[in-house]
Amino acid sequence: MQAELFVIRLSRNSGILGLAGMPFTSQIFSAHTHSHTEVSRNYGILLVRPFLDFSKEDMYKICQGSDQEWVEDPTNQSLLYARNRIRMSLRDASWEFKNELQAVISACRETRVYIDYVCRYLMSKAVTVSHLGYAVIDLEILNQSKVEDICLSKFISLVLQFISQRHRPLRGNTSKLLVGYMRSFPCKTSLTAAGCFLSPAPGSGGMKALVCCSVDSPLPSNVGLSHQHFHAEQEHYTPDEIEQIIADGKSYADRLVPNASDVPFLEVTSNSVLTEARRLGMISESTHTKLLSLQKEEIEHFKSKSEVKADYKTKHGIKSVSTSPSEPLPLGQICCFMNRFFITWKLSEVSKEALEGKSRCGCKSCIVGHDTVLEVRNMSEQDWLYLSDLSKSRTLGNLQEQSNSLDRKVALRKDETDTCLDHARVSAQRALQSLESIPAAARRGLPVLVNSQGLLLSIPSIDFQGCSCLMVSATFKPKVPLGGDHSSFV
């Protein structure tokens with residue numbers, strides 16, 4: 001299985017990490033989470049492949065020796081599939097060829113083990129993740145570490161995939177661009193790549209790089225709406241044994257990490273891996289020639305197929321942020337915003353009674369208007385200006401006098417009580433202080449809640465509440481943790 005995969009990826013110009021094939025163990029994470037409690041301690045699924053290195057003949061013998069029946073996949077004989085074509089080409093290959101090919105795959109695995117180790121080290125030393133959804137990379141630590149380009153490329157890929165929570169890996173020119181950006185020390189420019197915006201971290205003098213989600217990216221993030229109502233949920237944590245297994249596995253893997261000088265393919269590309277393997281004596285001239293022949297055949301098959309254009313349509317009914325400025329969030333339901341924030345809202349008991357007509361208290365107008373649905377969207381510059389104007393409003397009469405100069409949304413508060421306005425004013429003042437400490441680029445990734453008229457009601461990540469009757473919760477809980485790359489999704 002690994003031999004066919006190696007040839008397929010070699011013909012697709014995969015890098016060393018791809019040529020290493022499937023790992024013996026990996027963590028996978030659901031691309032669609034229906035409850036914020038599902039990711040409260042998200043270990044995903046630990047997938048173990050104990051039979052990965054067994055040949056088909058070995059599996060036959062195991063089944064026969066234990067009197068187990070097996071099923072043959074009828075498509076295994078179809079030459080329409082690349083894996084089958086390659087498997088049949090290798091069927092009559094010599095043991096020498098198979099052993100030498102396995103040696104190359106093992107060398108790629110060793111390289112991957114080393115790269116993964118370096119990435120784990122850099123993430124523990126050079127990355128700081130904010131609960132507001134952005135990360136800061138210490139470029140000085142990266143510069144001192146003097147890591148190889150292939151390690152740095154994997155590292156920045158992991159960080160960007162964590163911040164953007166996107167399923168696509170970095171490729172080609174994008175990867176080279178980002179490696180060059182990380183190498184520029186101190187950092188002086190900004191760029192947008194892979195759904196993220198990178199810039200010098202404020203106040204760092206270019207010694208640190210800010211990485212935040214780009215809301216203008218052509219590959220949109222998702223707003224997923226859970227169809228369960230808010231209630232006092234019971235936490236069902238993954239057993240501690242799973243956490244210990246993962247920790248033990250990483251500790252064991254770290255002991256197997258080779259020295260950089262013993263890693264064979266750190267400085268080679270996919271185009272030169274066979275040449276390097278031949279130079280190191282891993283493969284003979286005949287094996288080298290046969291692999292090049294298989295690679296050429298598969299490249300021709302691949303080119304003959306019609307190109308399949310990328311389809312960025314989202315699945316499972318989840319809508320894109322970019323297709324609409326905001327998304328509805330009904331009372332009591334949970335919104336997974338940009339795959340990173342879990343948001344829900346409810347009303348105080350007094351306001352609930354007001355909505356039901358049992359009381360005249362409560363700020364019914366500013367919260368819901370004619371229904372119990374709010375909208376969630378990204379923060380904009382207008383929200384900052386709105387908070388600034390709101391923070392200067394002393395009384396209801398004062399607010400009405402300013403209505404000509406303030407944004408129309410501020411004037412919508414003319415029906416509120418002085419008590420509610422005072423609450424909003426004080427909350428806005430505190431929010432502005434909090435926002436001043438957040439990099440401007442990172443503010444745009446914050447979720448905000450507005451009512452059906454577009455009036456800003458809450459920025460839950462910084463505790464702004466425009467109404468005393470509104471109770472909003474927003475928790476930064478990415479579906480895939482830092483270190484889970486594109487292959488970690490199912």
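**A tour of salt bridges, a helix pair and a surface patch**

Begin by selecting Arg 279, which is exposed, with a relative accessible area of 61%; bear in mind as you look that this is a predicted model. Now add Glu 276 to the selection, and you will find that the two residues form a salt bridge in which the closest N and O atoms are 2.7 Å apart. Both belong to helix H10 (residues 273-279), and because they are three residues apart there, about one helical turn separates them. Glu 276, at 15% relative accessibility, counts as buried, since the cut-off for that word is under 20%.

Next, select Arg 278 and Glu 285, which form a salt bridge with their closest N and O atoms 3.0 Å apart. Arg 278 is partly exposed, with a relative accessible area of 32%, and Glu 285 also counts as partly exposed, at 44%.

The structure holds eight salt bridges, and another one to show is that of Glu 298 with Arg 85, where the closest N and O atoms are 3.0 Å apart. Glu 298 lies in helix H11 and Arg 85 in helix H4 (residues 82-90), so this pair ties together parts that are 213 residues apart in sequence. Both of these residues are buried.

Keep helix H11 (residues 285-304) in view and add helix H1 (residues 2-11), which packs with H11 at an angle of about 60°, the axes being 8 Å apart. The two helices are therefore oblique to each other, and their crossing is right-handed.

Finally, select Leu 46, Val 48 and Ile 245, which form a nonpolar patch on the surface with about 240 Å² of accessible area together. Val 48 sits in strand E2 (residues 45-48) and counts as partly exposed, at 49% relative accessibility.

Technical notes: Residues numbered from 1 in each chain as written. Predicted model: local features only at pLDDT ≥ 70, side-chain atom pairs only at ≥ 80, totals over all residues. Heavy atoms only, no water. Patch = residues over 30% accessible without salt bridge, like charges linked within 9 Å, V, L, I, M, F, W, Y side chains within 5 Å. Areas by Shrake-Rupley, 256 points an atom, 1.4 Å probe, with all protein chains shown as cover. Salt bridge = Lys/Arg side-chain N within 4 Å of Asp/Glu carboxyl O. Helix = DSSP H or I, 4+ residues; strand = E, 2+ residues; numbered from the N terminus. Buried < 20%, exposed > 50% of the residue type's maximum accessible area, 1.4 Å probe, protein only. Axes fitted to C-alpha atoms, helices over the stretch in contact; angles between N-to-C directions. Parallel < 35°, antiparallel > 145°, perpendicular 65-115°, else oblique. Left-handed = near helix turned anticlockwise from the far one by under 90°.
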